[in-house]
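Q: Please take a close look at one part of this model, the largest nonpolar core, and then work outward to its surroundings.

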Amino acid sequence: MSTARPEPPSAGVPVSTSAKPDTGAAARPDPARPPLVRITGVNKSFGTHQVLHDVDLDVAAGEVVVVIGPSGSGKSTLCRCVNRLETVDSGTITIDGVPLPAEGRALARLRADAGMVFQSFNLFAHLTVLGNVTLAPVKVRGLSRAEAARRGRELLDRVGLSDKADAYPGELSGGQQQRVAIARALAMDPKVLLCDEPTSALDPEMIQEVLDVLVELAGEGMTMMVVTHEMGFARRAADRVVFMDAGRILETSAPAEFFAAPRTERAADFLSKILRH
């Protein structure tokens, strides 16, 4: 496990911006390196309500992009559009240079490449923990059951749940269920891990155990796009912070820069309220 990332501040608590060196490079991915995820001119409406307005965002391989903003800002919708859980009205999204397919096996492969961790776990209650982790690799990736089980046990050990392989989701705490969900997403060997407010359904004492797993993955070079309200995680793990409001990206900065001196009044107002609590 990489040790390059600093020790965390408490989530949502202001800390010194010197905790993570800010060279400015983190806010500017290498232009010579094609982005792993490219979002260009994306618009999305639900009925007459437009939730995304001409959104452009690139995520480089190995980069951790944390998307923050007030409720209703469009950040979860954007995350869901990346693996086509929501379709876009206009604009394009590519993963590793490939446009999102419309349906069928190509879409299933796309969703394997863009692993998703949801707010509400979405585990299969009738399957054991190991069964949840191994189902998709067998059905979608074509792994043998033996190989999927071997890999599944490795991933459960990685998220600290090797002793829960034969348990059922209903026997686990919320934090444990979310860690199983992370292992399930990793079992597909995704190119990018998408996390849609992965701690929002958890009790406060369970949040840190999930964030610790995500920070470890970030330190190991996993490409991640994380929608969250956990400012401590953004400070600790992000290469870039993306601030959204009213369906638009208003600001993109390295974490130290964003938290120390946000460039927009809206971002400054948001931080003054969320870091107060």
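A: A nonpolar core here is a set of buried Ala, Val, Leu, Ile, Met, Phe, Trp, Tyr and Cys residues joined through side-chain atoms within 4.5 Å. Buried means under 20% relative accessible area. Keep in mind that the model is predicted.

Start with the core itself. The largest one has 51 residues. Within this core, L193, L214, L217 and M224 touch the most other members. Helix α6 gives the largest share, nine residues. Another core lies apart from this one. That second core has 29 residues, among them I39, I93, L100 and V242.

Now take L193. Not counting residues up to four places away in sequence, L193 touches G115, V117, A185, L186, L217, M222, T223, M224 and M225. Two of the names in that list, L217 and M224, are also among the residues that touch the most other core members.

Next comes the loop between β7 (192–196) and α6 (204–219), where E197 lies. Its phi is near 45°, a positive value in a residue other than glycine. Most residues other than glycine have a negative phi. Is E197 buried or exposed? E197 counts as buried because its relative accessibility is 12%, and the cut-off for buried is under 20%.

N122 also has a positive phi, near 55°, and is not a glycine. N122 sits in the loop between β6 (114–117) and α3 (129–139). Its relative accessibility is 41%, so N122 counts as partly exposed.

N122 leads to R184, a residue of helix α5 (residues 174–186). R184 touches F121, N122, L123, N132 and V133, again leaving out residues up to four places away in sequence. R184 is buried, yet has no salt bridge. The nearest side chain of opposite charge is D196, 12 Å away. A salt bridge here would need a side-chain nitrogen of Lys or Arg within 4 Å of a carboxyl oxygen of Asp or Glu.

Last, the sheet. Four strands form an open sheet in the order β2-β1-β4-β5, with antiparallel pairing. Its edge strands are β2 (49–59) and β5 (98–99), and each pairs on one side only. Strand β4 (residues 90–95) runs antiparallel to β5, and two bridges join them. Across this pair, T94 stands opposite P99 in β5.

How values were computed. Residues numbered from 1 in each chain as written. Predicted model: local features only at pLDDT ≥ 70, side-chain atom pairs only at ≥ 80, totals over all residues. Heavy atoms only, no water. Buried < 20%, exposed > 50% of the residue type's maximum accessible area, 1.4 Å probe, protein only. Pairing = 2+ DSSP bridges. Lys, Arg positive; Asp, Glu negative; His and termini not counted. Contact = heavy atoms within 4.5 Å.
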